[in-house]
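Dear colleague,

Please find below the structure that I am handing over to you. My notes on what was found in it follow directly after.

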Amino acid sequence: AACPWMGAWLCLMMQPSHLPIDLNMLLEVKSRSKEKFHGKQRQGQSQTKEIIQEFIGGADSITDDPATRDYVVIRARMMAARLLGALCCCICDVSVNDTQDIKPAESLAQLLLFHLNSKSALQRMAVA
């Protein structure tokens, strides 16, 4: 696969708006903070980690009225489609990926065709 995360990102874009996103599909960026480096915590910080449910339009969108939530979700899907489209251009660039046995464009086409042949209108719309 040219980009192993492409399938996961497509699935995130196709996530139903009323279901929380599986947190295992999200990448967590861990950085070294000054507090960890010095072995201290800032005053007022707690050790407990709060579990937050994320939704495709944002965690706050689930409490909005249906019209507002649909608007926010469509905007998020459109932005995801633009970003994945830009990534597809980079993946399929022959000058970058000419040494691989499997052509990246063929791998990407198989992934997209899988979702295009689905019965789900959401999957077909997102991949199109």
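**Tyr71 and its surroundings**

Tyr71 is exposed, because its relative accessible area of 53% is over the 50% cut-off. Please note that the model is a predicted one. Tyr71 belongs to helix H3, which covers residues 66–91. Its C-alpha atom is separated by 9.7 Å from that of Ser61, a residue 10 positions away along the chain.

**Overall architecture**

The secondary structure of the protein consists of 5 helices and 0 strands. Along the sequence this gives the pattern α-α-α-α-α. The protein has 128 residues, of which 22% are buried. Among the contacts with a sequence separation of 6 or more, 59% join residues that are 24 or more positions apart. The protein exposes about 9900 Å², and carbon and sulfur atoms supply 57% of that area.

**Helix H1 and its partners**

Helix H1 spans residues 6–13. Which residues of H1 are buried? They are Met6, Ala8, Leu10, Leu12 and Met13. These buried residues pack against three elements: H3, helix H4 (104–116) and helix H5 (121–127).

Two residues illustrate the surroundings of H1 from the side of H4 and H5. The H4 residue is Leu112. With a relative accessible area of 24%, Leu112 is partly exposed, since the partly exposed class runs from 20% to 50%. Beyond its neighbours within four places in sequence, Leu112 is in contact with Leu10 and Val127; Leu10 is one of the buried residues of H1. The C-alpha atoms of Leu112 and Gly7 are separated by 8.8 Å, although the two residues are 105 positions apart along the chain.

The H5 residue is Ala126. Ala126 counts as buried because its relative accessibility is 14%, which is under the 20% limit. Setting aside residues up to four places away in sequence, Ala126 touches Met13 and Met14. Of these two, Met13 is listed among the buried residues of H1. Ala126 and Met13 are 113 residues apart along the chain, and their C-alpha atoms are separated by 7.1 Å.

**The loop between H1 and H2**

The loop between H1 and helix H2 (34–38) contains Leu23 and also Ser17. Is Ser17 buried or exposed? Ser17 counts as buried, because its relative accessibility of 19% falls under the 20% cut-off. Apart from its neighbours within four places in sequence, Ser17 is in contact with Phe55, Ile56, Ile62, Arg69, Val73 and Arg77. Of these contacts, Arg69, Val73 and Arg77 fall within the residue range 66–91 of H3.

Leu23, by contrast, is partly exposed, as its relative accessible area is 43%. Together with Leu26 and Ile51, Leu23 makes a nonpolar surface patch of about 300 Å². Leu23 can belong to such a patch because its 43% is over the 30% relative accessible area asked of patch residues.

**Aromatic residues**

How many aromatic pairs are there? The count comes to 1. The pair is formed by Trp5 and Trp9, whose rings are 6.4 Å apart from centre to centre, with 25 degrees between the planes. The pair is classed as stacked, because planes under 30 degrees apart count as such. Both residues are partly exposed: Trp5 has a relative accessible area of 35%, and Trp9 has one of 29%.

**Cysteine residues**

The structure holds 0 disulfides. Two cysteines may be noted in this connection. Cys11 is partly exposed, given its relative accessible area of 36%. Cys89 counts as exposed, because its relative accessibility of 58% is over the 50% cut-off.

With kind regards

Notes
Residues numbered from 1 in each chain as written. Predicted model: local features only at pLDDT ≥ 70, side-chain atom pairs only at ≥ 80, totals over all residues. Heavy atoms only, no water. Helix = DSSP H or I, 4+ residues; strand = E, 2+ residues; numbered from the N terminus. Buried < 20%, exposed > 50% of the residue type's maximum accessible area, 1.4 Å probe, protein only. Disulfide = S-S within 2.5 Å. Patch = residues over 30% accessible without salt bridge, like charges linked within 9 Å, V, L, I, M, F, W, Y side chains within 5 Å. Areas by Shrake-Rupley, 256 points an atom, 1.4 Å probe, with all protein chains shown as cover. Salt bridge = Lys/Arg side-chain N within 4 Å of Asp/Glu carboxyl O. Contact = heavy atoms within 4.5 Å. Phe/Tyr/Trp six-rings, centres within 6.5 Å; stacked < 30°, edge-to-face > 60°.
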